Number of protein chains: 2
Amino acid sequence: MTSRQVTLAEVAKEAGVSLATASRVLNGSTRQVSEELRERVLGTARRLGYLPNASAQALARNSSVLVGLVVHDIADPYFSSIAAGVTRIAESAGLVVVLGTTGRDPRREVELVNTLRAHRARALVIAGSRTTDRSASRHLAEEITAFTAQGGRVACVSQAKLGTDTVVPANRSGARALARRLAALGHRRFAVLAGPPDLLVARDRLAGFKAGLADEGLELPDGCVITSDFTRDGGHAAVADLIAARTGATCVFAVNDVMALGAMAALRDHGLRVPEDVSVAGFDDIPTLRDLVPALSTVRLPLEDMGERAARLVLDDVAAPPRTVRVAGEVVLRASTAHPSGIGLR
Amino acid sequence: MTSRQVTLAEVAKEAGVSLATASRVLNGSTRQVSEELRERVLGTARRLGYLPNASAQALARNSSVLVGLVVHDIADPYFSSIAAGVTRIAESAGLVVVLGTTGRDPRREVELVNTLRAHRARALVIAGSRTTDRSASRHLAEEITAFTAQGGRVACVSQAKLGTDTVVPANRSGARALARRLAALGHRRFAVLAGPPDLLVARDRLAGFKAGLADEGLELPDGCVITSDFTRDGGHAAVADLIAARTGATCVFAVNDVMALGAMAALRDHGLRVPEDVSVAGFDDIPTLRDLVPALSTVRLPLEDMGERAARLVLDDVAAPPRTVRVAGEVVLRASTAHPSGIGLR
DNA sequence: AAGTCCGTGGAAAGCGCTTTCCAGCACGCT
DNA sequence: AGCGTGCTGGAAAGCGCTTTCCACGGACTT
């Protein structure tokens with residue numbers, strides 16, 4: 001029941017022209033074709049329901065219309081926002097987005113780039129933090145080199161560690177500014193839900209936060225840094241450790257919003273009120289934050305825009321990589337942070 | 001600087017075997033190859049860094065490894081959850097997901113199916129409600145027919161209107177059950193934020209809700225049905241109309257969660273408390289709801305699971321389409337709905 | 001009048017792979 | 001001996017398209 005596809009050859013024959021002419025008419029080559037033949041080819045193509053075979057075109061042209069997009073988890077609002085940006089630009093350029101998800105496994109990341117390379121994708125956006133894993137980084141760098149050697153372009157949204165074009169969010173300075181603003185609210189004892197120690201984005205935000213506290217003459221004792229997964233559940237789980245640590249913190253900084261969301265839920269479960277008993281802040285400003293009560297203080301990143309920027313870096317081929325686009329983070333203080341009133345977490 | 005790719009022919013020559021043998025070794029054909037040659041081919045392939053050209057394979061095999069996924073808006077948690085499910089199954093089957101977004105434009109939907117057809121995608125999941133637009137539906141049905149005639153498989157997540165395998169959420173009966181539960185809370189006057197009139201999912205949920213009210217001997221006057229976009233902002237905007245309508249409603253049902261989120265924010269802006277002044281319920285149970293305060297009452301749909309089911313329908317090719325998988329919705333009453341206490345919206 | 005150019009159409013050589021078909025060989029039989 | 005049988009390797013014919021290269025004819029020069 002699978003019916004044979006109409007081929008260019010059939011169109012050409014039916015229209016009484018050569019294969020070359022048919023191809024020239026139907027794909028917008030630079031070559032002129034007389035009005036008469038052009039009409040004839042176009043007509044028969046439509047009549048026969050001709051649809052070019054993309055694989056054959058890719059093979060003959062040695063280039064595809066595919067753009068790879070690699071994310072850790074498409075259900076995470078951070079990534080789905082970036083994906084929306086990338087997709088918008090790619091589709092408006094007539095390209096096709098291939099979505100790969102890593103589940104935060106660096107090896108899977110390498111695999112995906114390899115697959116995209118096999119498909120001769122013309123460009124690739126890798127969204128998702130780098131890690132401290134040297135071996136995975138090296139493998140990834142090798143794949144990327146191979147990819148670019150093939151003529152593909154690569155952009156990352158994260159840290160500029162791969163020698164590619166990169167959209168770099170201001171993790172350090174954003175967290176630093178946030179720390180200062182929180183200190184200005186009157187907080188003196190902080191705790192940080194720091195995510196996993198090997199994630200660079202998490203490290204950078206923690207480091208920036210510490211720096212901001214230092215600016216204000218404050219310290220962040222090691223005991224006040226809780227590691228956990230970089231997810232909502234990670235944030236939720238970290239709260240138990242946090243409370244057990246009896247840090248006396250009046251303000252908790254979770255290194256991303258979904259962790260902060262989980263943490264707020266856990267704090268509620270423990271009978272603690274935000275912000276009356278403890279202030280909470282996050283990072284990213286994911287869209288779903290808009291309607292939260294209490295509204296979460298955070299550092300706003302223009303996520304969709306970052307996706308668009310990355311896609312543009314990789315599609316408008318002007319300058320040579322590596323270029324870096326720095327994206328500032330804007331501290332947004334909302335209802336989840338307030339002047340410290342109670343005695344904090346003890 | 002774009003270096004030529006290593007081809008099978010080069011591997012074969014270097015290993016001193018024929019093209020056929022090299023191909024047989026490197027792609028897991030059924031044909032036996034002696035241990036000695038196999039080793040030699042594998043070795044040289046690795047040494048040379050051989051990577052098969054996916055386009056060439058697709059052309060020669062007349063089938064690709066691509067699975068299409070069509071959604072309205074990947075940043076919407078409803079779709080990103082479904083996408084996560086589809087992606088998980090597809091990737092674990094060694095396939096590659098092509099993501100297309102329509103921006104809710106039915107013509108774009110047709111375009112995307114056409115593109116996927118050109119790429120000889122082996123399967124296709126269309127997530128996103130059908131509409132009442134007959135012409136768009138017909139075009140889409142034609143594309144789908146062409147797609148399946150090519151040997152591709154198609155599944156939808158929505159209404160079973162396209163003659164394809166379909167995962168059908170229980171929109172009617174879910175909304176109906178919800179209405180009854182809300183009535184049981186004591187509500188007598190309701191308003192519905194109904195989304196756009198041409199979206200079947202919105203219509204079904206509205207109809208189900210009305211039916212549920214009827215079960216309880218209640219009515220939903222036309223003036224209590226507000227149409228708007230099917231988005232967070234649509235829900236937000238609808239509230240102004242709702243309040244202007246002076247319906248006296250004590251409970252508002254938004255036909256999806258993101259609309260309910262927007263509505264709750266707008267109600268707050270108008271100085272109304274949820275649930276004290278007015279109860280609010282949604283539909284879908286998107287993941288971000290978990291941490292909302294007050295927690296939103298809704299009808300839970302297993303979104304990721306629905307994505308997985310759709311992907312399985314289309315990848316495990318057992319029975320002939322159209323098959324229908326019905327997915328029940330579970331009413332979950334949370335803090336956003338309570339016994340009516342005030343006088344409602346007047 | 002001879003030569004030059006340009007514009008247009010077609011033949012054919014790929015692009016990198018899969019797969020059919022055939023040849024050769026070593027067995028095990030009758 | 002003679003002969004099917006089963007197994008393995010290779011030659012070559014595609015898969016559907018793009019693009020180079022050539023041929024041809026007419027319009028222009030000189």
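Helices, of at least four residues, and strands, of at least two, are taken as DSSP runs and numbered from the N terminus. On this basis, chain A of the predicted model contains twelve helices and twelve strands. The C-alpha trace of chain A spans about 90 × 40 × 35 Å along its principal axes. The radius of gyration of chain A is 26 Å, whereas a compact globule of 346 residues would have a value near 20 Å. Of the 346 residues in chain A, 53% are buried. Among contacts in chain A between residues at least 6 apart in sequence, 76% link residues at least 24 apart.

The relation between the two protein copies was examined next. A turn of 180 degrees, with a shift of 0.0 Å along the axis, lays chain A on chain B with an RMSD of 0.1 Å. The two copies are therefore related as by a two-fold rotation axis. Both copies use the same surface, in that 100% of the contact residues of chain A recur in chain B.

Chain A contributes 45 residues to the contact, and chain B contributes 45 residues. On the side of chain A that touches chain B, at least two residues each come from H4, helix H5 (77-92), strand S2 (96-101), helix H6 (106-118) and helix H11 (257-269) of chain A. H5(A) provides the largest share of this side, with seven residues. Sorted by class, the side of chain A that touches chain B consists of 23 nonpolar, 16 polar and six charged residues.

Strand pairing also links the two chains. S2(A) and strand S2 (residues 96-101) of chain B run antiparallel and are joined by three bridges. In this pairing, A:Val97 stands opposite B:Leu99 in S2(B).

The surroundings of the DNA were then considered. DNA strand C is surrounded by 29 residues, of which the closest are A:Ser18, A:Gln32, A:Ser34, B:Leu8 and B:Ala60. In chain A, the elements that give two or more residues to the surface near DNA strand C are helix H2 (19-27) and helix H4 (54-61). In chain B, the corresponding elements are helix H1 (8-15), helix H2 (19-27) and helix H4 (54-61). The surface near DNA strand C comprises 15 nonpolar, twelve polar and two charged residues. Helix H4 of chain A thus appears in both settings, as it supplies at least two residues to the side that touches chain B and two or more to the surface near DNA strand C.

Note on methods:
Residues numbered from 1 in each chain as written. Chains lettered and ligands numbered in written order. Predicted model: local features only at pLDDT ≥ 70, side-chain atom pairs only at ≥ 80, totals over all residues. Least-squares fit on C-alpha atoms with pLDDT ≥ 70 in both. Contact = placed C-beta atoms within 7 Å. Near = placed C-beta within 6 Å. Nonpolar A, V, L, I, M, F, W, Y, C, P; charged D, E, K, R; others polar. Pairing = 2+ DSSP bridges. Rg over C-alpha atoms; globule rule 2.2 N^0.38 Å. Buried ≥ 20, exposed ≤ 12 C-beta atoms within 10 Å, placed from the backbone.
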